[in-house]
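Reader: I'm new to reading protein structures, and I'd like to zoom in on just one part. Could you walk me through it slowly?

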Amino acid sequence: MHQEKDFENIIERELLNHYGYHRGNPEEYKKDTALFHNEIINFIQTTQPQQWEKFSRTSPGEAQKTLITSLTKELKSRGMLDVLRNGFKCYGKTFKVAYFQPNTGMNPETIALYSKNRLTVTRQVTIKTGIKKGRKPDITLSLNGLPIATLELKNQLTGQTYRNAIDQYQTERDPKDPLFRFKERCLVHFAVDTDEVWMTTKLAGAKTYFLPFNKGDNHAAGNPPVLGEYRTSYLWQEALQRDSILEILARFLHLETKEIQIPTTTGIKYQTKETLIFPRYHQLDVVRKLIAHTKQHQSGHNYLIQHSAGSGKSNSIAWLAHRLANLHNDQDDKIFDTVIVITDRKVLDRQLQDTIYQFDHKTGVVHKIDENTKQLAKALSAGVPVIISTIQKFPFISQAIQTLEKKGTTVTLTTQDKRFAIIVDEAHSSQSGETATELRKILNKDGIEAAIAHQLLDDEPDDNLSDAAQQELLRAQLTRTKQPNLSYFAFTATPKQRTLLLFDEPGETGQAPFHLYTMRQAIEEGFIKDVLANYTYYERYYELVRLSETNPDLPRRQAAREIARFVELHPHNIAQKVEIIIEHFRNHTRHKIGGRAKAMVVTRSREHAVKYKLAFDQYIKDKGYTDIKSLVAFSGSLSLDDFPNETFTEVSMNGGIKSGEIPEKFASDAYQVLLVANKFQTGFDQPLLHTLFVDKRLAGVQAVQTLSRLNRTTPGKEDTFVLDFVNQPEDIYKAFKPYYEETPVGQTSDPQQLNDLAFQLYEWRLFHEENVNEWCDIWFRPKTSLTGGEHKKLNSLLDPVVDRYKALEEAEREQFRSQLTSFRNLYLFLAQILPYQDSDLEKLYAYGRFLLKKLPRSANAPQVDLSGDIEMKFYRLEKISEGKIDLKEGEAEPLKGATATGTRQPDKNVPLSQLIDSLNERFGTDFTLADQLFFEQITESAIANDNLKQAALVNTKENFAPVLDQQLENLFLERIEGNEQIFTEVMNNQEFKQVVFEKLLESIYEQLNSPSGASFR
């Protein structure tokens, strides 16, 4: 009762008695073809009698042999999966070898054919290379005579585990045996014991790579105990049961083909790699649970899928998109008219196209929006099943429809009775901000109009607004909340608190996320590396001395930034760090991953990156090193006081390598280190990246995303290393801990905070409720009733407020702006989750949003100049700690969300000497790039565009303007990452956008016609 055969007996018995299988006869297995010939013939004769009758007349007496021969040839050329889904041809006739469950129950014939499928479990078939004892697979599963899976079973009570089963596959199973040939016969092989399940889709001898097919145990790897069952009983009770395995064959398994890069001494070579993808347990589980919940509850729900890096998110999204596009309810009505995938990743587009084509075997199912908003409008109007787009195109759909109509193309975009599933590739920015509001407005236009009509009848009228303005105000409020015809399916590894509150459909724990695959499980299962396993922290010690005899009072924050900047950019500081970085790389990092390991240096600003690059190259030159070479990545161009006659750019410092070429060049053997400033810290996938040198303050999600650049796996990569000059281990622990297992959510923001902030804003007496109402009565006028003078009127109403604002003291101006900004941000968040609409708050939000744009920024604040006032007396770096930051210990702090902040205290003047003493204890602050950087990036991209370059050379500036205007949206979209706030201002404020366009036109045209042209200022 403890032998392996007892384990085998139980699995077979349960499959036969409860899970839809028949007992297979091992004697009927033909080892030369690896098929059950009788099963195949019987299935075809039973399900396709007329086809069989016609075919058998063409080759009397040889029909069965001929059919098996044709089937064998097509299995070899096309593969098992394609033949199962689409049948095979023999003498001009197509025969089906399986029938899969239809999307609806409207056709009884297809349901009857589905019931004819015959699954068999066969023990100990004699394979062609199985002459020696023990070479028979324990269990072979077949569908209508075609083998689809094998299982090797081990029992811990006999001293063996799944590892012995894996070894058996690797050493005793010949990949050339007909049963084990990749793609041609069995599609998956399981190594199973009573605790764990592992799987592979391709046998390759000792190189066979097995993946876990485990549920996870309390957020870690493995499987939980089950009373009265094996830990692995779910394999045959859930995954392999009849309907489940047939669904996996029909709607999950797919052949992934991708081009991989192989670094060589002469450059990058490309090779095509095929991988048969069988879903891991959490992928199968999340898609099925989402589909089941949606089928029961229909549209109107927000789901958060918190899956760690390494979870196979791209495949999960592809499977989910296909299932949602074909999902029907119990009345056979289609639940969603269109599935929209919101993503900026080009690789996901191709994966969706390829994966869904394998399921449906037809083109046009997936429509990629890669041109302009007019393309998106047409796709929505046509009811394309799956649309891939960026969220930034949605606010301009109405404008695009009008443009098309002017050109004679009528696009009817109605949302009446239409439902949409929106799959979000990254949840953070998917449902916040005015851009996401516009998406909801577009996709539920008719539903919102109906709600407006109903609410206007029930609510008391607002005497301060015209009827038409009241409707527009109500429309703005209603588009912020959940829409009953929209369901969001948002994926992220690192949710913020607002993400968990907005995507609030509860999961098994009774709260969001709906589904969880943790960082801990991904690490323990080997899908990502533990980037905190080897973490070294350096502390810096320095002393500053005051040179000037005077001890002036200076603004504290400004002086602190200048002193920190003095220390960070001091040549001795950078020189010491560069020496540590280069020597550590040469002595340790470069020998990793078979001598191919690479490193990244994360700097805090563009100026830091440039100085690092200069010091890096100089140190290498002085030492005569030839085995290390660096690239630098930063945006725009800049000058340094030390080099007054030189302008630094990526291209000039990288020897002519363009920005878009950096990833490929870094992947080659020519470069080992990448120095970055606010680039390549998110979304950069380079598996050879082994070491990270951090010289930038990191916190929260940014710390997790930056350090996670190291977590990608690749053959030969056994570990990673982080050397941090700035962040203490306890701070990194606090950043990572909430995303290691469960992510606790802090207290939800109190809606009363909005009322408190609104009261505080009115207390300044800069504007009154009458001012807000007068402004909103114009702002909320329907576009059809505009006279053309509204822009002038809106500005004239704000100008007196701006004048009163200018009359305030500097500290008061700073405090008012901070409070108004807090109100805007808090309302934008809370309006999406409040169970009611408050028209007064909506009006104040609309008014305040544009008032903020009009308020002048403090440009007259005295600048702090410390040149000649301070000097560095000594400086040294000392290793403080090294080793593992253990995330298994302790409890995660709850995520904090939006609050009624806005009471920042004004900057105070303090003696310079006091600041120096303070900075000697607490070293420096973090810096952010100016908004100007965004426009420098746009200018840089435009100058590199060959089409724009050619147009500028042959046109006047006036004729060049419409050419640039057509390209502007794409230029903005290319540079959205990290610039969301300034991007939203450009896109949502037409006046602001026009000013930007004029400045960009001047700068770009001048630079394209003259190498010495001025950049955007």
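Let's take strand β9: how many bridges join β9 to strand β10, and do they run parallel or antiparallel?

Author: Happy to, and keep in mind that this is a predicted model. Four bridges join β9 to β10 (residues 197-200), and the two strands run antiparallel. To get from β9 to β10, the chain makes a hairpin through four residues. Look at valine 192 in β9: its bridge partner in β10 is valine 197.

Now turn to the other neighbour, β8 (residues 146-153). Five bridges tie β8 to β9, and this pair is parallel. Valine 192 turns up here too, standing opposite leucine 153. Between β8 and β9 the chain passes through helix α7 (residues 162-172), and this β-α-β crossover is right-handed. Helix α7 lies across β8, β9 and β10, running at about 140° to β9.

So what about the residues of β9 itself? Five of the five residues in this strand (188-192) are buried, so β9 is largely enclosed by the rest of the structure. Both faces are covered: Val188, Phe190 and Val192 are buried on one side, and His189 and Ala191 are buried on the other.

Zooming out a little, β9 belongs to an open sheet of seven strands, in the order β1-β6-β7-β8-β9-β10-β11, with mixed pairing. At the edges stand β1 (21-23) and β11 (211-212); each has a single partner strand, so one side of each is left without a neighbour in the sheet. Further along from β9, β8 also pairs with β7 (residues 139-143), antiparallel over five bridges. There, serine 142 stands opposite proline 147 of β8.

Definitions and conventions
Residues are numbered from 1 along each chain as its sequence is written. This is a predicted model: local features need pLDDT of at least 70, side-chain atom pairs count only at pLDDT 80 or more; totals for chains, interfaces and linings use all residues. Side-chain values use heavy atoms; hydrogens and water are left out. Buried means under 20% relative accessible area, exposed over 50%, partly exposed in between (1.4 Å probe, protein chains only). Two strands pair if DSSP finds at least two bridges between them. A crossover is right-handed if, with the strands pointing away from the viewer, the path from the first strand over the helix to the second runs clockwise. Contact means heavy atoms within 4.5 Å. Axes are lines fitted to C-alpha atoms, for helices over the stretch in contact, and angles run from 0 to 180 degrees between N-to-C directions.
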